[in-house]
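Trainee: I would like to go through this chain with you. Could we begin with the empty space inside, and what the term for it means?

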Amino acid sequence: MSIDVSPVPPTTTVEARAVAELARDLGPWKLEPPPTPSDLNTADEVFLVGTACGVIGVVRIDGHTIGNGTEGPVTRAVREAFSAAGVR
């Protein structure tokens, strides 16, 4: 499993930094420049991280279905690790 993500800037929230650390344990970690809209539209999975929502899968962007339109296994694994770590 390979996870392509944007670098985590130093001003990122505690939650986003925690997810980046947790995701490193789940598989290869590949840092990329910030994703373009095209990158997001062709991604197998996309998720958001926030204080209020924790980790939430994105299944549609501007009417375009991401992956198969459901939360994927990487998103699920990251969300479960995030919850188990008690970050939120």
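Mentor: A cavity here is a set of grid points where a 1.4 Å probe fits but cannot get out, and its volume is the space filled by probe spheres set on those points. Please keep in mind that the model is predicted.

Trainee: How many cavities of 30 Å³ or more does the count come to?

Mentor: The count comes to one cavity of that size. The largest cavity has a volume of about 40 Å³.

Trainee: Which residues line the largest cavity?

Mentor: Its lining consists of D44, E45, V46, G57, V58, I66, T70, E71, G72 and T75. Sorted by class, that lining has three nonpolar, four polar and three charged residues.

Trainee: Let us take T75 from that list. Where is T75 found?

Mentor: T75 lies in helix α3, which covers residues 73-84.

Trainee: Is T75 buried or exposed, and why?

Mentor: T75 counts as buried because its relative accessibility is 1%, and the cut-off for buried is under 20%.

Trainee: What is T75 in contact with, leaving aside neighbours within four places in sequence?

Mentor: With those neighbours left out, T75 is in contact with E45, V46, F47, V55, I56 and G57. Among them, E45, V46 and G57 also appear in the cavity lining.

Trainee: And F47, where is its place?

Mentor: F47 belongs to strand β3, residues 46-50. With a relative accessibility of 23%, F47 counts as partly exposed, because that category lies between the buried limit of 20% and the exposed limit of 50%.

Trainee: Which contacts does F47 have beyond four places in sequence?

Mentor: F47 is in contact with V19, V55, I56, G57, V58, T75 and V78. In addition, the C-alpha atoms of F47 and E71 are 8.6 Å apart, although these residues are separated by 24 places in sequence.

Trainee: Changing topic: which residues make up the largest nonpolar core?

Mentor: The core has eight residues in all: A18, V19, L22, A23, V55, V74, V78 and F82. Helices α1 (14-24) and α3 are the elements that give two or more residues to it. Of the two, α1 supplies the largest share, four residues.

Trainee: Now the loops. Where is D62, and what is notable about its phi?

Mentor: D62 sits in the loop between β5 (60-61) and β6 (64-65). Its phi is near 50°, a positive value in a residue other than glycine. D62 counts as exposed because its relative accessibility is 82%.

Trainee: What about A52, buried or exposed?

Mentor: A52 is exposed, with a relative accessible area of 68%. Its place is in the loop between β3 and β4 (54-58). The C-alpha atoms of A52 and E15 are separated by 9.9 Å, and the two residues are 37 apart along the chain.

Trainee: To finish, what does the secondary structure of the chain come to?

Mentor: The chain has three helices and six strands, in the order β-α-β-α-β-β-β-β-α along the sequence.

Trainee: And what are the figures for burial, contacts and exposed area?

Mentor: Of the 88 residues, 26% count as buried. Among contacts between residues at least 6 apart in sequence, 58% join residues at least 24 apart. The chain exposes about 5500 Å², and carbon and sulfur atoms supply 57% of that area.

How values were computed:
Residues are numbered from 1 along each chain as its sequence is written. This is a predicted model: local features need pLDDT of at least 70, side-chain atom pairs count only at pLDDT 80 or more; totals for chains, interfaces and linings use all residues. Side-chain values use heavy atoms; hydrogens and water are left out. Buried means under 20% relative accessible area, exposed over 50%, partly exposed in between (1.4 Å probe, protein chains only). Contact means heavy atoms within 4.5 Å. Accessible areas come from the Shrake-Rupley method with a 1.4 Å probe; for residues, only the protein chains shown count as cover. On a 1 Å grid over the protein atoms alone, a cavity is a set of points where a 1.4 Å probe fits but cannot get out, and a pocket is an open set with protein on both sides within 12 Å along at least five of seven lines; lining residues have an atom within 4 Å of a point. Ala, Val, Leu, Ile, Met, Phe, Trp, Tyr, Cys and Pro count as nonpolar, Asp, Glu, Lys and Arg as charged, and the others, Gly among them, as polar. A nonpolar core is a set of buried Ala, Val, Leu, Ile, Met, Phe, Trp, Tyr and Cys residues joined through side-chain atoms within 4.5 Å.
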